[in-house]
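Let's take a friendly walk through this protein, starting with its ligand and then moving on to its nonpolar cores. Keep the structure open while you read.

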Amino acid sequence: MHIWSAITTTHTHKPMDYPTFFHIFSSLLTIIYALITISGRHNSRLPPGPYPFPVIGNLLKLSDKPHQSLATLSKRYGPLMSLKLGSRTTIVVSSPDIAKEFFHTHDISFSGRTVPDTARIVDHDKYSIAWLPTGEQWRKLRRIGREYLFSVQRLDDSQLLRGEKVQELLNHVQRCCTNEKAVNIGASAFTTTLNVLSKFIFSVDFAQYDTISSQEFKEAVMALVELAGKPNLADFFPILKPLDPQGLVRKGNVYGKKLLTIFDRIINQRLQLRSSSMSTNIDVLDLLLNVVQKDESIFSRDDMRHFFYALFIAGTDTTSGTLEWAMAELIHNPEKMETARSEIIKLMQNNKGNIQEMHISQLPYLQAIIKETLRLHPPVPFLIPHQALHDVEVQGFIVPKNAQIICNIWAMGRDHNIWPNPKKFMPERFLKVKIDYKGQDYEFIPFGAGRRICPGLNIAHRMLHIMLGSLIHKFEWKLEGNIRAQDMDMEEKFGLTLPRKVPLMAIPIKV
Ligand code: HEM
């Protein structure tokens, strides 16, 4: 029976009286409305996307590699797509044009953050530059970052220190070389990056290359990075937040407290030193303590501790992961390694020392390698999810207030409409075009774009080039276990960053 005749007649085929008809009709409308609302398609102007199931939405569409699942879905539904991840409306951006609309045209409207549950660890979300909305407090933290850490002047002034840390990395590699031992490239780069930041900020090393020494800071940062990369049911179903069903916040609190305690210890020691006027060295901690002491209501000790927390979590694994992928690609493509080494040797032929930051601009192939690595292996494949502050119309669709915005830069990096031979590691492609990762070229935004662009871009740029340049200038590399370059496992796994499935273990040979 047709639905309309079913509601306008009874089983005796007598016409239904008006109040009964009205009652049934309005009940049906209510049920239909409820179903549509539950499934999240109440807004007919949402961008296209797969039809969501009630409650779970489109969660079943995601595999253990969500960046790949979303890339496949976007091929079907387009570069502006909407999904329902549990109860969360999610907009997926996968083309440069649309990315420009989000992070340029409507940048302010999309500058919010959807805050994941693990950001609540030690109340970090309440203070963090990475999670605060773009209000006064966030602007203040960005200003402090620019002024005291990341300005060209501050970076130029601190370049010797980074050079020292790279020399320590080379010493570690040399020890492995002498003992014919493989270097765990990612882990070593992690130690270097951690020490570059800790020496810059606190004038102390937080990590060692050997495994005998205590590594409590390093372990805590690694654990927090890992926790933050785990898909969390509470993010898809906020009703579960109080239960913390996977125990991620509980576990994270232990490590988060450890980090804050270490910062506290260092801050207290420094305050003592300052009061006895024995402090001679002016580092970032000193500069920020001056800001705190000037007016605690503007920048408090808690603001400062969480500022450090955010920098170490955001800055270490991203940088070391990129370095590991760059080395893996070069060992996998020996002819590219040779081209890179020749370029460096040519520049450094009259210079016995190490590559310095001032050499970077004279090493276009090395720069192209870092770009090509970030294109194929962006360590933050979705950027850090943004949030719409209000309803915004984009290309005729409505991105609703509070929607989570995911920009799939992994998919953009492998889109054959943007890059010829996208899966091939070809640094040369960047020699021919003027495309950079400074947030102006929307086909290539591994550091993001707009007001929430990565504030650590310039220090990461410098660290990556001098670490990679030095490792290939001073050593040749072969794989542990005599694995041939072409047989290397180049699989990635999903996490906060996109790490290698198999850590790169490579044996250095002195050139
Ligand atoms: C290869 C290295 C790195 C990459 C690829 C990278 C990438 C990113 C990306 C994609 C974002 C999010 C942008 C957005 O939301 O649109 C971000 C944010 C951030 N990054 Fe980085 N980053 C790197 C290194 C660093 C370093 C070394 C630091 C600091 C020492 C750092 C500190 C931050 C902070 C604090 C944020 C949050 C900014 C905010 O929300 O306002 N990053 N980064």
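## Polar partners of the ligand

Start with Arg113: one of its polar side-chain atoms sits 2.7 Å from an oxygen atom of the ligand. Keep in mind that this is a predicted model, so every distance here comes from computed coordinates.

Arg142 joins in as well, with an N or O atom of its side chain 2.9 Å from a ligand oxygen. With Ile129, look at the backbone instead: a polar atom there is 3.3 Å from an oxygen atom of the ligand.

## Who else is around it?

Zoom out a bit and you'll find 27 residues surrounding the ligand. Arg113 and Arg142 are among the closest, along with Trp138, His386 and Cys454. What kinds of residues make up this shell? It splits into 17 nonpolar, seven polar and three charged ones.

Three helices each chip in at least two shell residues: helix 5 (136–150), helix 13 (301–332) and helix 18 (457–474). Helix 13 gives the most, with five.

## The nonpolar cores

Now for the greasy part. The largest nonpolar core has 103 residues, and Phe263, Phe312, Met327 and Trp477 have the most contacts inside it. Helix 13 turns up again here, supplying the largest share of this core with 15 residues. Another core, of 22 residues, lies apart from it and includes Leu46, Ile98, Ala388 and Ile409.

Want a single residue to click on? Try Trp477: beyond its neighbours within four places in sequence, its contacts include Val173, Ile185, Met327, Arg341, Leu471 and Pro508.

Terms used
Residues numbered from 1 in each chain as written. Predicted model: local features only at pLDDT ≥ 70, side-chain atom pairs only at ≥ 80, totals over all residues. Heavy atoms only, no water. Near = heavy atom within 4 Å. Polar contact = N/O pair within 3.5 Å; in protein donor to acceptor, adjacent residues only side chain to side chain. Helix = DSSP H or I, 4+ residues; strand = E, 2+ residues; numbered from the N terminus. Nonpolar A, V, L, I, M, F, W, Y, C, P; charged D, E, K, R; others polar. Core = buried A, V, L, I, M, F, W, Y, C linked by side-chain atoms within 4.5 Å. Buried < 20%, exposed > 50% of the residue type's maximum accessible area, 1.4 Å probe, protein only. Contact = heavy atoms within 4.5 Å.
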